[in-house]
Protein chains: 2
Amino acid sequence: MASVAEQIRNKNAEFIEAFKRKDGVAVAAMYSTSAKVMPPGAETVEGKSKIQAFWESVFRAGITDAKLDTIEVDLIGGYTAIETGKFVMYANKDVADRGKYLVVWRNEDGQWKLHRDVWNSSMAKMATVGA
Amino acid sequence: MASVAEQIRNKNAEFIEAFKRKDGVAVAAMYSTSAKVMPPGAETVEGKSKIQAFWESVFRAGITDAKLDTIEVDLIGGYTAIETGKFVMYANKDVADRGKYLVVWRNEDGQWKLHRDVWNSSMAKMATVGA
C-alpha cells in the first residue's frame, strides 16, 4: 500500500492531467462533498458545481498547465491529511503565476479528496486568474 | 472549559491586540515551534524570528489594525484544529485588504498555536503588504 504522501502525489498527478485537458468535471470530482476552494482575488467557492465553474473560468482565462510540488503531507487522525506545496501555473509557455498552496485532504470512502484548497502567489505582483 | 472554537476565538483576539500594538514579539510567540506563514506576494516564512520580522514588515508598511472573523473550526485528532475565516486589514481608517484565511492550529503544551497560516485577498486587485 502506498504511503499517504504517495497517494496524495498520485492524486495531484491526476488533478494535473484533468487540468491539462481543461476537464472541469473531472477536476471538480476530485473534491470532497463539502469542499471549499479559496482562490486569490475572489470569494470562497463551495460545492462541486461551483468548483467546476471556477476551474472552467481559469481555463477560459488562458491557463493551460500547472505544476504541483508537494513539500509536506501530515496525516492527522486517520481521515485528514494536510499538504503544503508549491505551484506554477502556465499560459502556454509563459509562467502566469508561481506560489504556494495548502490543501486539507479528506478521506471519503477510501479516496483522498480535496476538502479545503487555498493558495496564493509568491510573486510580488499577483496574477489574478479565474475571478 | 471553553470549546475549541472559543479557545481559538480568544487566541485571535489576543493576536489582534498584539497586532494593534505592533508587537512583533508577542505575535510571533503565538506561533508553534515549527510554524510556517504563507503570505501573499512573498515566499513562505519559517521560524519565530523570521515570522516576527515578517509581521514587523507589515506594521512598517502601514497596516495598523485587522479583524478576524472565524467561520469554522474543525478539531481533528485532539491536537490539531483547522480554522477558516475572513479577515480585513486596515491602514488607519482605510481597508488595505479584505480576504480569507486558513490556519492550522496545533496544541503545544496545552496552548493553541498557529502552525500553518495562509491567506489571500478576495479583492480583484491584491494589496501586497509586508513583502
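Two strands count as paired here if DSSP finds at least two bridges between them. Keep that in mind as you explore this predicted model.

**Stop 1: the sheet.** Select chain B and colour its strands. Six of them form an open sheet, running in the order E2-E1-E6-E5-E4-E3, with mixed pairing. Now pick out the edges: strand E2 (45–46) and strand E3 (65–76) of chain B, each of which pairs on one side only.

**Stop 2: one edge close up.** Select strand E1 (residues 31–38) of chain B together with E2(B); the two pair in the antiparallel sense, over two bridges. Which residue of E2(B) is the bridge partner of Val37(B)? Show side chains and label Val45(B), for that is the partner.

**Stop 3: the helices on the sheet.** Next, select helix H1 (residues 4–20) of chain B, which packs on the sheet and touches E3, strand E4 (80–91), strand E5 (94–108) and strand E6 (111–121) of chain B. Look along E3(B) and compare directions: that of H1 makes about 155 degrees with that of E3(B). Then move to helix H3 (residues 48–60) of chain B, which also packs on the sheet, touching E1 and E2 of chain B. The direction of H3 makes about 45 degrees with that of E1(B).

**Stop 4: both chains.** Bring chain A back into view. A turn of 180 degrees, with a shift of 0.0 Å along the axis, lays chain A on chain B with an RMSD of 0.0 Å. That is the relation of a two-fold axis. To find the axis, select Gly77(A): of the residues of chain A, its C-alpha comes closest to the rotation axis, at 2.2 Å. Finally, colour the contact residues: the same surface serves both copies, with 96% of the contact residues of chain A recurring in chain B.

Definitions and conventions
Residues are numbered from 1 along each chain as its sequence is written. Chains are lettered from A and ligands numbered from 1 in the order in which they are written. This is a predicted model: local features need pLDDT of at least 70, side-chain atom pairs count only at pLDDT 80 or more; totals for chains, interfaces and linings use all residues. Helices (H or I, at least four residues) and strands (E, at least two) are DSSP runs, numbered from the N terminus. Two residues are in contact if their C-beta atoms, placed from the backbone, lie within 7 Å. Axes are lines fitted to C-alpha atoms, for helices over the stretch in contact, and angles run from 0 to 180 degrees between N-to-C directions. Copies are superposed by least squares on the C-alpha atoms of residues with pLDDT of at least 70 in both.
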